Amino acid sequence: MLDIRKYIDTLLATKKVLVISKSYCPYCHKAKAALESFNFLPGALEWIEIDGRDDMAAIQDYMAELSGGRTVPRVFINGEFLGGGDDTAAAKADGSLEKKLAEVGAI
């Protein structure tokens with residue numbers, strides 16, 4: 001079985017932006033809309049849809065450890081937790097999302 005901690009930790013270490021999401025979640029769609037307004041460099045953004053995965057609960061449990069919450073989306077920039085859908089949309093609106101993405105070389 002896949003080691004969830006190692007899998008997530010590797011993604012956090014190697015991707016500029018990591019989003020843990022569920023395809024039907026309206027807050028995930030909100031985060032996606034905010035992030036898709038930017039032109040990411042190839043390989044900078046990793047979007048993981050966990051609905052339907054056998055390890056979904058384990059991923060959400062690890063998200064709770066890392067970020068204080070199991071809900072999706074969980075948006076990380078350069079390994080640091082940014083927030084969920086509302087947080088990501090607010091960061092786009094106030095310009096801080098673009099600034100962070102540029103600072104880490106994602107866009």
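I count a residue as buried when its relative accessible area is under 20%. The model I am reading is predicted.

**Cysteines**

I began with Cys 25. Its relative accessible area is 9%, so I log Cys 25 as buried. Next I looked up Cys 28. At 2% relative accessible area, Cys 28 is buried as well. Then I asked how many disulfides there are. The count comes to zero. For Cys 25, the nearest cysteine sulfur belongs to Cys 28 and is 3.1 Å away. For Cys 28, the nearest cysteine sulfur is in turn that of Cys 25, at 3.1 Å. A disulfide needs the two sulfur atoms within 2.5 Å, so this pair does not count. I note Cys 25 as being in no disulfide, and Cys 28 likewise.

**Lys 22**

I moved on to Lys 22. I find it in the loop between β1 and α2, the helix of residues 26-35. Is Lys 22 buried or exposed? Lys 22 is buried, and it has no salt bridge. The nearest side chain of opposite charge is Asp 51, 7.4 Å away. A salt bridge needs a nitrogen-to-oxygen distance within 4 Å. I then listed what Lys 22 touches, leaving out residues up to four places away in sequence. The contacts are Cys 28, Glu 49, Ile 50, Asp 51, Met 56, Gln 60 and Val 72. So Cys 28, which I had logged as buried, turns up again as a neighbour of Lys 22.

**The sheet**

Which order do the strands take? I read β2-β1-β3-β4, four strands in an open sheet with mixed pairing. The edges are β2 (45-49) and β4 (80-83), each of which pairs on one side only. From one strand to the next, the twist averages 20 degrees.

I checked the pairing of β3 on both sides. β1 and β3 run antiparallel and are joined by four bridges. Within this pair, Ile 20 stands opposite Arg 74 of β3. Strand β3 (residues 74-77) also runs antiparallel to β4, with three bridges between them. I noted two of the partners in β4: Gly 83 for Val 75, and Glu 80 for Ile 77. The β3-β4 hairpin has two residues between its strands. There Asn 78 takes a positive phi near 55 degrees.

**Cover on the sheet**

Next I looked at the faces of β3. Both are covered. Arg 74 and Phe 76 are buried on one side, and Val 75 and Ile 77 are buried on the other. Arg 74, the residue opposite Ile 20, is thus among the buried residues of β3.

I then traced two helices. Helix α1 (residues 4-14) lies across β1 (17-21), β2 and β3. Its direction makes about 140 degrees with β1. Helix α5 (residues 96-103) lies across β1, β3 and β4. This helix runs at about 50 degrees to β3.

**Ala 102**

My last stop was Ala 102, in helix α5. Its relative accessible area is 46%, so I enter Ala 102 as partly exposed. I also looked up its spacing to Phe 40, which lies 62 residues away along the chain. Their C-alpha atoms are separated by 9.6 Å.

Conventions:
Residues numbered from 1 in each chain as written. Predicted model: local features only at pLDDT ≥ 70, side-chain atom pairs only at ≥ 80, totals over all residues. Heavy atoms only, no water. Pairing = 2+ DSSP bridges. Axes fitted to C-alpha atoms, helices over the stretch in contact; angles between N-to-C directions. Contact = heavy atoms within 4.5 Å. Buried < 20%, exposed > 50% of the residue type's maximum accessible area, 1.4 Å probe, protein only. Lys, Arg positive; Asp, Glu negative; His and termini not counted.
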